[in-house]
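Visitor: Could you take me closely through a single part of this protein, the open sheet and what surrounds it? I would like the conventions stated as you go.

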Amino acid sequence: MLTLKDIAKEAGVSVMTVSNVINGKKSKVSKQTIERVQKIIRDLHYTPNLNARSLAKHESRLIAVFVSSYVSQENLFKDPYVSDLFGEIEAAIHESGYYTIIQTVEEPQHAINLLQNWQADGAIFLSNQSADNMKFYSEYCQCPLVFIDSTNNKKNDYLTIEIDDRKGGYIATKYLIENGHKKIAFAGFLDEKESVIKERYKGYVKAMEEAGYKKFINQLQTATTYEEGIKRGIEIASRKIDATAVFATADLFALGLIEGAKQKGLAVPKNLSVVGFDNLSLCNYVSPRLTTVSQDISHKGRSAVELLLKAIKKEEIENRRVICDVELEICQTVRKI
């Protein structure tokens, strides 16, 4: 079996130099040496033994990324938000010299079993987790964990990456009110537990109540898929829902809503105003351009990796709850009435 010593002998350098090249620590190695070592590695088809490295250093350099699946065998990566966020996370993990493994999970115990079998150095949870789930994971997982889009209002010791969802709901609704709308519907799935959607709803309610429109508060209990958006757009166009504007808690739903309304002859923004949430990249390719609450998905994903790596390396963490800001991206789907 080919070893680092063999490569070092062939290249005429030390074993430490070869190790530095392989592990990306190239600041103290000349460009010519790097190229010579890399050529020998390619020519001799050398592959690092990750298992041996893991045992020697008591680390796997594996980071698990979990996405909760509430529907068996559902393809969650059809959701562009999940895809965009995972892409940013994977890129940041790769740049840091770690490896990514990803899995959808239906039960918390499933994730714990996988972490133990994989011997991951840490894990990131993309989907909203309840307080009970975060407590369960934190008690039974032996590696650091970061939760994205999970509210941590009880000031627990969890590592969380959130956005100011309440502000997002507020600025979206306030903008619609400033454009003359009173009958503004809120579209999202609410339950009794704390969640990002509930925080957006609180912002929506605050703006409506400040404007004196409490009697017009209208919550559409709905999944926020594109298909559900089409159904709701058809219902609004058919006058089954009395609204001149909709604040949709996901861009994908908002785009479906616009399509459903269009199918029944209702034009956006001429007959219906719509504000989405996320500012997904796909919004750049549709017309009219969606007015939406913008969150910086790249910053969000990379902040999660940065926070996790600090925990893995046992570095000091000043802020265990990171809240990213949001802003309104004003485009073409809101009309003044």
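Guide: What follows goes from the whole chain to the open sheet, then to the loops and the chain end around the sheet, and last to another group of strands.

This is a predicted model, in which local features need pLDDT of at least 70 and side-chain atom pairs count only at pLDDT 80 or more, while totals for chains, interfaces and linings use all residues. Residues are numbered from 1 along each chain as its sequence is written, and side-chain values use heavy atoms, with hydrogens and water left out.

As a frame for the sheet, the secondary structure of the protein comes to 12 helices and 12 strands, where helices (H or I, at least four residues) and strands (E, at least two) are DSSP runs numbered from the N terminus. The C-alpha atoms fill a box of roughly 80 × 40 × 35 Å along the principal axes. Of the 337 residues, 47% count as buried; here buried means under 20% relative accessible area, exposed means over 50%, and partly exposed lies in between, with a 1.4 Å probe and protein chains only. Among contacts (heavy atoms within 4.5 Å) between residues at least 6 apart in sequence, 70% join residues at least 24 apart.

The open sheet itself has 6 strands in the order 7-6-8-9-10-12, and its pairing is mixed; two strands are taken to pair if DSSP finds at least two bridges between them. Its edges are strand 7 (218-221) and strand 12 (326-329), each of which pairs on one side only. From one strand to the next the twist averages 20°, with axes being lines fitted to C-alpha atoms, for helices over the stretch in contact, and angles running from 0 to 180 degrees between N-to-C directions.

Within this order, strand 8 (residues 245-248) and strand 9 (residues 273-278) are parallel partners over 3 bridges, and A245 stands opposite S273 in strand 9. Helix 11 (residues 251-263) lies across strand 6 (184-188), strand 8, strand 9 and strand 10 (291-295), and runs at about 155° to strand 9.

The loops on either side of strand 9 carry several backbone features that deserve attention. Most residues other than glycine have a negative phi, and most peptide bonds are trans. In the loop between helix 11 and strand 9 one finds P269, and the peptide bond from V268 to P269 is cis, with omega near 10°. The loop between strand 9 and strand 10 holds P288, which a cis peptide bond with omega of about 0° joins to S287. That loop is also the place of N279, whose phi is near 60°, a positive value in a residue other than glycine; N279 is partly exposed, at a relative accessible area of 26%. A positive phi near 60° is found for K314 too, in the loop between helix 12 (297-312) and strand 11 (321-324), and K314 counts as exposed at 75% relative accessibility.

The chain comes back to this region in the segment after strand 12, where V334 lies. V334 counts as buried, with 13% relative accessibility, and apart from its neighbours within four places in sequence it is in contact with Y175, L176, N179, P269, S273, V274, V275 and T291. Among these partners of V334 are P269, the residue that follows the cis bond from V268, and S273, which stands opposite A245. The C-alpha atoms of V334 and K270, which are 64 residues apart along the chain, are separated by 8.3 Å.

To set beside the open sheet, there is strand 1 (residues 62-68), which is mostly covered, with 6 of its 7 residues buried. Strand 1 runs parallel to strand 2 (residues 99-105), to which 7 bridges join it, with Y99 as the bridge partner of L62. Strand 1 also pairs in the parallel sense with strand 3 (residues 122-125), over 4 bridges, and there I124 is the bridge partner of V65.
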